[in-house]
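Please examine the sequence and the three-dimensional model shown below. The paragraphs that follow lead through the fold, its interior and its aromatic contacts.

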Amino acid sequence: MRSSLLIGGLLAFVLVVPRPLAAQSNEQAVEAAKEAAQEWFALLDADKYKATWEEGATLIKSKTTAEQWAAQIRQAHMALDSLRSRSLVTARYTKGIPNAPKGEYVVAQYKSIYREKSTVETMYMKKDDGTWRVAGYFVKPAGP
């Protein structure tokens, strides 16, 4: 049975239709969000689960406590085992995501391999007070 995990304030997997980036600022936003995502992943991969909440967007903090978040992340990543590789597949800028507050977002998908399990990690980055922060994180087994 395939299982999936949704963490954060987002309640649905979002398929973002690729659109050309209209302005240089969108490209800069994507780059800045990708850098912030890498910093967040470094905390996650170092098992610093509470720190991932502390560095998360206001959206995450409004939906769960640091302790609840850390327990959910710990449980999910214990099931995955050790990370072997992670590579960015796509990153798109958008000004809206269903079931989330209005704002600037970058939705990024990564192909990851944990021990022998291939997964897709989807990260929702939101611009919070001028800083890109994780507003949602979703990991599921990769398709066939």
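Are tryptophan 40 and tyrosine 137 buried or exposed? Both tryptophan 40 and tyrosine 137 are buried, and the paragraphs below return to them after an account of the whole chain.

The structure is a predicted model, and its confidence should be considered before its details. Average pLDDT for the protein chain is 82, and 83% of the residues reach at least 70. Over residues 1–24 the pLDDT stays under 50, although the model has 57 contacts beyond four places in sequence for this segment. Where pLDDT is low, the predicted coordinates should not be read in detail.

The secondary structure consists of four helices and five strands. Read from the N terminus, the elements follow the order β-α-α-α-α-β-β-β-β. Of the contacts with a separation of 6 or more, 57% are made by residues 24 or more positions apart. Among the 144 residues of the chain, 42% count as buried.

Strand S3 offers a convenient entry to the sheet. Eight of its ten residues are buried, so S3 is largely enclosed by the rest of the structure. S3 runs antiparallel to S2, to which ten bridges join it; within this pairing, alanine 91 has alanine 108 in S3 as its bridge partner. Ten bridges also join S3 to S4, again in an antiparallel arrangement, and tyrosine 105 stands opposite lysine 126 in S4. S3 and S4 form a hairpin with two residues between them, and arginine 115 in the turn has a positive phi of about 50°.

The interior comes next. The largest nonpolar core has 28 residues, and those with the most contacts inside it are Trp40, Val106, Met123, Met125, Trp132 and Tyr137. Helices H1 (24–45), H2 (49–54) and H4 (66–80), together with strands S2 (83–94), S3 (105–114), S4 (117–128) and S5 (131–141), each supply at least two residues of this core. H1 provides the largest share, eight residues. Apart from this core lies another, of eight residues, including Leu59, Ile97, Ala100 and Val107. Valine 106, one of the residues with the most contacts inside the largest core, touches Ala29, Val30, Ala33, Ala91, Arg92, Tyr93, Met123, Tyr124, Met125 and Trp132, if residues up to four places away in sequence are not counted.

The aromatic residues can now be considered. A search of the whole structure finds four aromatic pairs. In one of them, tryptophan 40 and tyrosine 137 are tilted, with 5.3 Å centre to centre and 50° between the planes. This pair links distant parts of the chain, with tryptophan 40 in helix H1 and tyrosine 137 in strand S5, 97 residues apart. Phenylalanine 41 and tyrosine 137 form an edge-to-face pair, at 6.3 Å centre to centre and 75° between the planes. Phenylalanine 41 lies in helix H1 and tyrosine 137 in strand S5, so this pair ties together parts that are 96 residues apart in sequence. Phenylalanine 41 and tyrosine 137 are both buried. Trp40, Phe41, Tyr110 and Tyr137 form one aromatic cluster.

Charged side chains also meet aromatic rings. The charged end of arginine 86 sits over the ring of phenylalanine 41, 3.7 Å from its centre. The ring of tryptophan 53 has the charged end of lysine 61 over it, 5.5 Å from the ring centre.

Terms used. Residues numbered from 1 in each chain as written. Predicted model: local features only at pLDDT ≥ 70, side-chain atom pairs only at ≥ 80, totals over all residues. Heavy atoms only, no water. Core = buried A, V, L, I, M, F, W, Y, C linked by side-chain atoms within 4.5 Å. Buried < 20%, exposed > 50% of the residue type's maximum accessible area, 1.4 Å probe, protein only. Contact = heavy atoms within 4.5 Å. pLDDT = per-residue confidence, 0-100. Phe/Tyr/Trp six-rings, centres within 6.5 Å; stacked < 30°, edge-to-face > 60°. Lys NZ or Arg CZ within 6 Å of the ring centre and 35° of its normal. Pairing = 2+ DSSP bridges.
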